[in-house]
Amino acid sequence: MADNSFSDGVPADSMEAAKNASNTEKLTDQVMQNPQVLAALQERLDNVSHTPSSYIETLPKAVKRRINALKQLQVKCAHIEAKFYEEVHDLERKYAALYQPLFDKRREFITGDVEPTDAESEWHSENEEEEKLAGDMKSKVVVAEKEEAAAEEPNPKGIPEFWFTIFRNVDMLSELVQEYDEPILKHLQDIKVKFSDPGQPMSFVLEFHFEPNDYFTNPVLTKTYKMKSEPDKADPFSFEGPEIVDCDGCTIDWKKGKNVTVKTIRKKQKHKGRGTVRTITKQVPNESFFNFFNPLKASGDGESLDEDSEFTLASDFEIGHFFRERIVPRAVLYFTGEAIEDDDNFEEGEEGEEEELEGDEEGEDEDDAEINPKKEPSQPAECKQQ
């Protein structure tokens, strides 16, 4: 019987391998002729060959040594920048004292302790001419009716529910407020920001001033945000200015049965031996805005927090920053909604501009850009977890 494992002195498996190699080579040639494949391959090669780290590795040792010297200079710059922000904090403290008399008068108008004069109440709106013409027309027709209505119109004290209305208007705050928090927040009369004293560690305190109420005895609830303005030793190049690193709340002296931060539940327990069942009551945490004054503490022992805790802490820092930078200085504009409208218009303008640029660069259809808007989340620079 003839042996078929050889053909003209060449082993059969060698012939099969040569055939496969030829087919692979043909397939490779076909793939490499595809322009899309070539473009993708070239882009990948470009990214690999032009990354900063790969470029630095190719530099001579003498150049690397000089780059290290530049990094040393950069660290010194970060420490100088930290001192700059410390002086900015001193400047904030100085100007806070200048703002305070105005904020004190604002509180008096809100609470009704003082009635503004005619000069203080005068305000010229953007539509003043139209309003004046409309007012003149109406006055000629319904003078008597207006006088009668003015006599019957209620005149509440101050500006009722001023701060509570701000909480309702601002999404970041309204999300924290439960229905049972609302009657309490209606007693809120003022929110103040107090900066740390000279020579003390950098911090600021939010003071929530309440009128006497049926819920707690504290006239003031406080939240202290601790800050630092120094580069991290482990990562000095990440320094971008002062950051909130921790916060302390306060103890709320709730009146009996009025603590909205806890709820009472009933639970049945079965005795293992006797089989009898008993019902017990226990208090468990309850969602409430007033948990704001019992914050999660940042880990100070070097242990990392879990993902949920990190998110909670970061959100707390963001809210504190928002009260300090936006709500307290511009309270009346958040009450009327003007500040919220301005913020919304500004964000939409930025997004629209970004969509047009992306559409021009990528050749997108204009309608597609409107149907599929791209929105980038924004975070305040100072609200970082340490």
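1. A residue is called buried here when its relative accessible area is under 20%. In this predicted model, both Asp-316 and Lys-223 fall into that class, although they carry the charged side chains of a salt bridge whose closest N and O atoms are 2.9 Å apart. Asp-316 belongs to helix 10 (residues 307-327) and Lys-223 to strand 5 (residues 220-228), so this pair ties together parts that are 93 residues apart in sequence.

2. As to the overall composition, the protein contains 13 helices together with 8 strands, and buried residues account for 25% of its 386 residues. When contacts between residues at least 6 apart in sequence are considered, 61% of them join residues at least 24 apart. The accessible surface amounts to about 28,200 Å², and carbon and sulfur atoms contribute 51% of that area.

3. The structure holds 13 salt bridges, and a second one that deserves a comment is formed by the side chains of Lys-194 and Glu-207, with a distance of 3.6 Å from N to O. Because Lys-194 is placed in strand 3 (residues 188-195) and Glu-207 in strand 4 (residues 203-210), the pair ties together parts that are 13 residues apart in sequence. The two partners should be described separately with respect to solvent: Lys-194 is partly exposed, at a relative accessible area of 35%, whereas Glu-207, at 15%, counts as buried.

4. The side chains of Glu-57 and Lys-64 also meet in a salt bridge, for which the N to O distance is 3.8 Å. Glu-57 is exposed, its relative accessible area being 57%, while Lys-64 has a value of 27% and therefore counts as partly exposed. In general terms, side chains of opposite charge can pair when their charged atoms come close.

5. Beyond these pairs, a network of salt bridges links Lys-226, Asp-246, Asp-248 and Lys-297. A reader who inspects the charged groups one pair at a time may wish to view these four residues, Lys-226, Asp-246, Asp-248 and Lys-297, as one linked set.

6. Turning to the nonpolar interior, the largest nonpolar core has 47 residues, among which Phe-167, Phe-208, Phe-290 and Phe-323 touch the most other members. Helix 10 supplies the largest share of this core, with 6 residues, and helix 10 is also the element in which Asp-316 of the salt bridge with Lys-223 lies.

7. Which residues is Phe-167 in contact with, once its neighbours within four places in sequence are left aside? The contacts comprise Leu-173, Ser-174, Val-177, Leu-185, Leu-188, Ile-191, Phe-208, Phe-289 and Phe-323. Two of these partners, Phe-208 and Phe-323, are themselves named with Phe-167 among the core residues that touch the most other members.

8. On the outside of the protein, Leu-91, Tyr-95, Leu-98, Tyr-99 and Leu-102 make a nonpolar surface patch of about 540 Å². One of these residues, Tyr-95, lies in helix 4 (residues 61-111), and with 39% relative accessibility Tyr-95 counts as partly exposed.

9. Finally, how many disulfides does a search of the whole structure find? The search returns 0, a disulfide being a covalent bond between the sulfur atoms of two cysteines. As for individual cysteines, Cys-77 counts as partly exposed at 43% relative accessibility, and Cys-250 is likewise partly exposed, with a relative accessible area of 21%.

How values were computed: Residues are numbered from 1 along each chain as its sequence is written. This is a predicted model: local features need pLDDT of at least 70, side-chain atom pairs count only at pLDDT 80 or more; totals for chains, interfaces and linings use all residues. Side-chain values use heavy atoms; hydrogens and water are left out. Helices (H or I, at least four residues) and strands (E, at least two) are DSSP runs, numbered from the N terminus. Buried means under 20% relative accessible area, exposed over 50%, partly exposed in between (1.4 Å probe, protein chains only). Contact means heavy atoms within 4.5 Å. Accessible areas come from the Shrake-Rupley method with a 1.4 Å probe; for residues, only the protein chains shown count as cover. A disulfide is a pair of cysteine sulfur atoms within 2.5 Å. A nonpolar core is a set of buried Ala, Val, Leu, Ile, Met, Phe, Trp, Tyr and Cys residues joined through side-chain atoms within 4.5 Å. Patches are made of residues with over 30% relative accessible area and no salt bridge: like charges are joined within 9 Å, nonpolar side chains (Val, Leu, Ile, Met, Phe, Trp, Tyr) within 5 Å.
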